[in-house]
Each structure stands twice: as C-alpha cells, then as structure tokens.
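Thanks for making the time this morning. I would like to walk you through one model, slowly, and mostly by way of how its helices pack.

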Amino acid sequence: MSDESPQQGWPPRDPTDTGSAPVPPDKHGEHSQHSAQDEQDEQDEQDQPKDEQAKNTQDTQHGQDTQHGQDTQLGQDTPTAPDAFDAQGDEKKEKREKKEKKATKAERPKRTGWRRLLPTWRILLGAFLICALVLIGGFITGYKLVAIPAANAAATAQSNVYLYADGSQIARDGEINRENVRLAQVPKTVQQAVLAAEDRDFYNEPAVDPQGMARAAWNTVTGKGTQGGSTITQQYVKNYYLAQEQTVVRKAKEFFIAIKLNREESKEQILEGYLNTSYFGRNAYGIQAAAQAYYGKDIEDINTAEGAYLSSLLNAPSEYDVVVHPENKPAVLGRWNYVLDGMVKEKWLSGADRASAVFPAPGEIRSSNTGLSGQRGYIVQAVKDYLTSNKIIDEKLLATGGYRITTTLQRKKQDAFGKAVEDQVTSHLDDDRAADRNVRVGGASIDPATGQVVAMYGGIDYTRQYVNNATRRDFQVGSTFKPFVFAAAVENGSETQDGRLITPNTVYDGDNQHLVEGPNGSTGYAPSNEDDVDYGPITVRTATDKSVNAVYAQMAEDVGPATVRDTAVALGLSQNTPDLNASPSIALGPATASVLDMTKAYATLANHGKHGTYTLVKKVSRNGTKITLPRQKAEQAISREAADTTTALLRSVVEGGTGTAAQSAGRPAVGKTGTAEKDKAAWFAGYTPDLATVVAVMGADPTTARQKPLYGALGLVRVNGGGPPAQIWGQYTAAALKGTDPKEFDLRPAEGSEDVATPQEEESDGPGEPEGSQEPDTQGTAQGQTPGPSAGQTQGATQGQSQGQTGGGTSDGGQSQPPSPGQNQGQTGGQTQGGSQGQTGGSTTDGGTGSGNGGGSADGGKADGGTGSNAGNGGNDSGGAADSLSHAPATGAEPPAP
C-alpha cells in the first residue's frame, strides 16, 4: 500500500473521463461551480411547491450520501470533513438560490419605445373593474335619487269641448286642444298602427333603449342635431313628466323615470298616456283631438287607414300634413305604407286588408272653435253656470279642462233663432240712429215635455258684448208677469175682497190709480194705467189683453202677494230674482228675471203645470268617464186646471190682442206682451203645445252698460212687446217646428172659466170710455178690436194709432165727443171695421157676445168689447164701460209695465 493522502484518490476516475482534471472541493467539500444541468435542476426544484422541494432536497441528500458511500468504497480512505458541513451547506445553498432568483428578475428586459405608452393587461383589468363599480354605483344612486315627478302643466292641460245635442261641436274653451280618452275608446287597429309606426316591440321590450339613448346623447353633445331613438315609454315620460328640451340631463332623468314607470304602470296605461299626450299637428294634442282636426270625427270612428295616417304624423306632425304641404305627399305615402306594412309583418293586418287600403286624404283645416265669437261664448258661459250652480262640477275643477259636454241645444233651432233676430232686428239697425246703438236681444226656447233648452240667443257677438242677454237678471219683465198672478188665483181658489171667485170673467175696477184694497182697507198703493187711462169695470180677460195695471195690482192683493211670489218661483223663476217682492206691485212685473227664467215658467204652463228639471246639459264625461247629472223629474208646480185656465186666458192676446204678430208661427199659440218701465225693454213670452219661447229686446249703452229707453230704435216711435219681440218669436217658432204637424192645445180649464160675462155698468159723469192702451205692432198698425167668431183682428192703418171708437159703428155714426187726434185716427180705422164686425155679430176680446142693446154714442160699447147681439153696430175691442163713462184721449202706447 502506498502511503497516499485521502484527497489523492477523490473522486474516483471515470473510465470515460477525457483527462480533464476535476475541480477540487472547497473546505466544505462542495464544488465551487455547478454544471448547467445542475442549475437547471435547481431552477426546476425552485418552481415546485415547497413540500415537493423539501422532498427533493431529502432525496438529493440521500443520493449524495449514497454516492459518498460508493466513493468511499472505491477509494481506500474516505475523509469525514465534508459530512460535518452538509447541514450548513444546504442552508447556504438555499440563500444562494434566492439571491440568484432575484438577480434573474432584475435582469428582465425593460419596455422601451412606443410600448411604454400602452397599458398593461393588469391596468386594463383594473380600469374596467373601477368603471364597472362607478356605473353600478351611479345607477343605484340615480335610481334612488330620481323620483317620478308630478305631471307637467302642459301635459295635463285640456280644453273643455261643448257639443250640440247631435254631437257636432259648438266650441272649445281652452288654449290646449286636447281631450283625453281611455285606451278602450281607441280602436285596436289604430293602437296597432301607432305601435307599427313607433315601437313594434313595445309589449315585449324593456322600458329603455340604451343604444338609442347613447346615439341620441352623442349626437346632441357633438352638435349633430337632436334625435330621438326612445321607446314609447321614454317618449311618454318626456311628454308627460319632463320638458321638451334635448339635453343630457333630461335624457338621464328620462332613463330612470322610464324604468321606474315601467315597474309601476302597465303597458296599457303607458300607451294610453302616450296617445293622449303626443302632438299630431294642427294644434291637436292627443289622438282624440287629432281625429277631430284631420277627419272631423271622434277616435272611435277612425278606421285602419286613417289610423295609419294619424300614426305617421307622430314622426313629423307639420311636415306630414298633406293639406299644408302637398309637396311632401310622396314622403307621407312612404311613411303610411311603412306603417301598414309593419302591421302586416306583425300579423296585425291581413294581406287582403292591406291590399285594399286606400290613402285617406285628411280634410281641410277647420277652425278648432277655440274662439268664443258669435253665440259660442254665450253658450259656453251659460253651460258653465249651469254646471257649477247645480253643483255638478266644481268651478276650479271645471277650469282644469278635459270635460266633454253635450248640451241640449239643437243646431237647427239654434240657427233658426239667430236668423230670426237677424231678419227682424239686426238687419234694421242703422249706424246713423243713436238709439240703435243701444239695442240688445235675448231669447231662449224650451221643450215643455222634456225641460230641455233647445235654443238660446245671447247677443250679437260674445267678443263684442260679453253679457248674455238670455241669462242676465237686470231688466224688468213687465206685463209678462201678470199670467203668474192669475195662475196663483186659480190655483188657490182666491176671491176678490167682496167674496167673488176670481175667473177670467171676474169684473174689476180698471180705473187709473184705483186704490188697492186689502183686508183691512186701503193699502195706499194706487198704480197708474198706461197713459192714465180709466177703464172702469172690466173683466179679467179684457184686463189681460189690455195689460190693465189697476186690475192686476188688486188681484195680487186679493190672492196675497206672498202667494203670488211663491207661485212664480214654483213655475220656474229663481228664488233670488231681484225685486221679486211680496207686495201688490209684484203684478206689474218690476222683478228682473232673466229671459231663461221666464222661459222655464212659461214652459211649466205649457206642460199643464208640471215643472220639469230644466237643463242645458244632456251628458258630461271626462277622460271617458261619465259624470252623474241630476235626475230628470217633473213635479206638479200648480194644478193642471190652474195652468190650463191660464193658457186659455192668453189665447186672445195672440188671436186679437197685442201679440198678433206671433200668428206668423202658423200654428196655435198663446202668449203675453210686456214692456219695462220707460220702455227700456220689450218682451214677448209665449208657447205652442210643444215649444215655449221668450224673446226680449233691451236697451243698454254699449260703453257704460247703463239701461236706455228704446224710443226711436229700429226706426219705430216705440219698441213694444207686440213688435220686434213677437215678430222674432213668430219667425223662430215657425222655423223651429217646420216639418212637424201643428198641435191643438189639450186644455182642461176650470169650470165656468170659458163663460162670457158682462161687467156691471156703473154711472159716471165722464164723457165715455177711453180708447185702448194696447201695443201697436212694429209696422205701426194699431189693433182696435178683437176677432169675430171666425176671424182674427182688424187693424188700423197708421203707425201708432189706436183704434177704438167708442160707442157707435157706421150704422149710427155716433161719437161721444169731438175726437182728439188719436180718437180721430181710431175713428177712421175703427168705425167701419168695428161697425162691420158688430153687424156680423163680431165677438169681443173674450170671444163672447154682449147682451146689451148694441149701443151708439149714448150708451157706448161694453166693457169687455162685446157687441150688441141685436143692433150689430157696437163694440170695438177697446170697449166701453157704461153708457155714461167718459172717453179719454189715447196714444196707442203701452203702460210702463204692461
């Protein structure tokens, strides 16, 4: 054995060794360098999990130990020093590996050039997450903060629509031409046409279209013009809740409100709101207004083709109106076809119906009647007053609009009333006559059977004269009130102060300024007759024809002024009528009831004493919902006997009294004339069996509205009830009832009321009976006598003249005194006619015949105008009182309150 060092035999020589010397170990027995393979192995070990690395480390250590054992066996002597430092070597190795790993990272190449400008995927991911969080937070915040606001004023504003009884339009009274309807009122095909035009997936899509909103917002921000791109829900939100400006803020609000609204309202509710708020052109807001504006009918009557055109208008309301822009018809047809084709595509319209569809040209632009000129303003105001005064609709609620009000007014009768006023009054006005500036006309007409107001004339033009002459309560009604006094007497079985039952034949003292007697003696009230005429004993019938104030003032006291007042109210006058005071003077008509009030009262008489629910309104609805109206009911205001007896009393007024002009109606009629104090108003109130009408001609200064006398107006000396009012009444009634069969009055008067009575003649020192004070007609013809059994009245020939020669006719030529101018004229027109009537047995005003001896100048005619049954030369309708009563000059004028 050679004596060698342990290192000399380490490591053992490998037979494949090429002769390169091995690297000697360091003091720990490890190599100072590692092969490339060893480095790779170490890197692989580092990439493994720690538990695997620990296992590999153990395996490596075991291998080293094994190899070391083998090396020791191959060598003769193995040193023990390397084994002592194995543990420390492993620790050092781990630290070295960590340092090397860090060095490797540090040695990675850095990004240079343009690559440095690009974000890494880590940055992009982070930015995306941040944006997502911001959007989610913003959505949550916006959804919580943006509430559904109250509807804007413009979206809820509607006009009230006023219609004739036949459904044709009278007027609108709002600035916004809108009338909301329920979705059920819109035909299904019209609904589908709108969806085909605007949003075919409406029922299946969400409330918003983010893509469309983004596009619209971008175009707005970049200045490329405004653009929609919204769903129907969003459009409804814009129309109903928001303003119309195109801003990003408004679009954001629209977004959140639409989402909330879609959760709170059904699709049907949203579509209904959209149809009611959209603009269609021609100042039409909402589809109902559009149907009227373009086709003149309600939306319920619109067909599919018309609905497709209305739907097309939503895209461009003004441009697609082919009447205004005929040059745009090709574009309109394209849009119309697009809508119909869309309906076919969605299976809402059959191919056959599509093929047969023809473009429905809209009508010409018509006035929407938002103006209140002519009669429209008077009608609208009267209807409003009716609705609010009867507490059907609150005044403030009515002002919000949206009401569809069908009136009882009939267009044919309404037009006839206007024509009659035009022919009888307006066409005769002359700017050169100062009095003509003051002329006003009011009228109303009621169907007695139904209580419905079928026509009303309020004035020449609402925009020129705002006060409705048919409803104003500031002109005295005059003698048109007297029938109410008589009706009250019959209704209550009233008696005179001396115990005689009051009937048409009851005789009263008709002298001028006769003191009214009460139960306790004189009342101190002594009314004047017209022109201070003394009539002496006179029947109620004749006193009615002549409007004798003294007789009716005493009758009012006999009945009881309070009873008379109650009867007038029961018949139809308002409880609050000014100057309707319970005193004897009530009979003379100082009360200032309206024309409409008087028409109601006369309609009650025409309806045999039954007072109906007089109304101007047939039906009312709002947004398709009907409003309850007062129940129609008729109550017996006075007995039929009282009403019919009053009607019988008024016959002679038209047949031969002061209202003969009303005969132009061409059918049986009754009525009463009246004149206000100082001739400030003239009235005619009358009725046929099927129509009651009152007309008044009034005088009022157009600047100050102060009441003015009508002297000289229309070229007449005086305007009285038998003139223009009766003429208007006659022409209107004839036109209104044209095409209907004339009806006779079916009367059941009080027993004995038709009997003829002759007043007891009284002694008097006066020269004779005064001439009549009846009213001349508008042509200036004075009626002097009443008709015979088969004829009407005879008339004098000169204006303002009053026939009425008292005492003899032509047979005896008698005359009680030298005639005054008025008497002489009366003699000229009356002697022959009166005499001839007398000769043929002409009847008196009350249709009866006198039993006297015919009377000449010495004994005069009878107080009731009766003719002598034997002599045949007497009696004209002015009638004498007794053969010893004197005559007073007459002027043919009506009393102040006849």
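Let me begin with a question: which residues in α7 meet which residues in α11? Keep in mind, as we look, that this is a predicted model. On the α7 side the residues are Gln191, Val194, Leu195 and Glu198, and on the α11 side they meet Leu271, Tyr274 and Leu275. Sorted by class, this contact of α7 with α11 holds five nonpolar residues, one polar residue and one charged residue.

As for the geometry, helix α7 covers residues 188–198, and its axis and that of α11 come within 12 Å and cross at roughly 85°. An angle from 65 to 115 degrees counts as roughly perpendicular, and α7 is therefore roughly perpendicular to α11.

Before going further into α11, let me step back to the whole chain. There are 26 helices and 18 strands in the chain, and of its 898 residues 49% count as buried. The chain exposes about 41,400 Å², of which carbon and sulfur atoms supply 50%. If we take the contacts between residues at least 6 apart in sequence, 70% of them join residues at least 24 apart.

Now back to α11, which runs over residues 267–277 and is mostly covered, with eight of its 11 residues buried. Those buried residues are Lys267, Ile270, Leu271, Gly273, Tyr274, Leu275, Asn276 and Thr277. You will recognise Leu271, Tyr274 and Leu275 in that list, and these are the residues of α11 that α7 meets.

Let me pick out one residue of this helix, Ile270, which is found in α11. Is Ile270 buried or exposed? Its relative accessible area is 0%, and because buried means under 20%, Ile270 is buried. If we leave aside its neighbours within four places in sequence, Ile270 is in contact with Phe202, Thr233, Tyr236, Leu261, Asn262 and Glu265. One of these partners, Tyr236, is 34 residues away from Ile270 in sequence, yet the two C-alpha atoms are 7.1 Å apart in space.

The second pair of helices is α13, residues 304–313, and α14, residues 329–345, whose axes come within 9 Å and cross at roughly 120°. Since the perpendicular range ends at 115 and the antiparallel one begins over 145, α13 and α14 are oblique to each other. Their crossing is right-handed. From α13, the residues Thr304, Ala305, Ala308, Tyr309 and Ser312 take part, and they meet Val332, Arg335, Trp336, Val339, Leu340 and Met343 in α14. By class, that contact has eight nonpolar residues, two polar residues and one charged residue.

The third pair is α19, residues 482–491, with α21, residues 549–559, and here the axes come within 10 Å and cross at roughly 40°. How are α19 and α21 oriented to each other? Angles under 35 degrees would count as roughly parallel, so at roughly 40° α19 and α21 are oblique to each other. The crossing of α19 and α21 is left-handed, whereas that of α13 and α14 is right-handed. The contact is made by Lys482, Val485, Phe486, Ala488 and Ala489 of α19, together with Asn549, Tyr552, Met555, Ala556 and Val559 of α21. These residues divide into eight nonpolar, one polar and one charged.

I would like to finish with a few single residues outside the helices. Val507 sits in strand β6, residues 507–509, and with 18% relative accessibility Val507 counts as buried. Val507 and Thr496 are 11 residues apart in sequence, and their C-alpha atoms lie 9.5 Å apart in space.

Which residue in the loop between β6 and β7 should we stop at? That residue is Gln513, which has a positive phi of about 55° although it is not a glycine. With a relative accessible area of 45%, Gln513 is partly exposed. Asp532, in the loop between β8 and β9, likewise has a positive phi, near 55°, in a residue other than glycine. At 45% relative accessibility, Asp532 counts as partly exposed.

Note on methods. Residues numbered from 1 in each chain as written. Predicted model: local features only at pLDDT ≥ 70, side-chain atom pairs only at ≥ 80, totals over all residues. Heavy atoms only, no water. Axes fitted to C-alpha atoms, helices over the stretch in contact; angles between N-to-C directions. Helix = DSSP H or I, 4+ residues; strand = E, 2+ residues; numbered from the N terminus. Left-handed = near helix turned anticlockwise from the far one by under 90°. Contact = heavy atoms within 4.5 Å. Nonpolar A, V, L, I, M, F, W, Y, C, P; charged D, E, K, R; others polar. Buried < 20%, exposed > 50% of the residue type's maximum accessible area, 1.4 Å probe, protein only. Areas by Shrake-Rupley, 256 points an atom, 1.4 Å probe, with all protein chains shown as cover.
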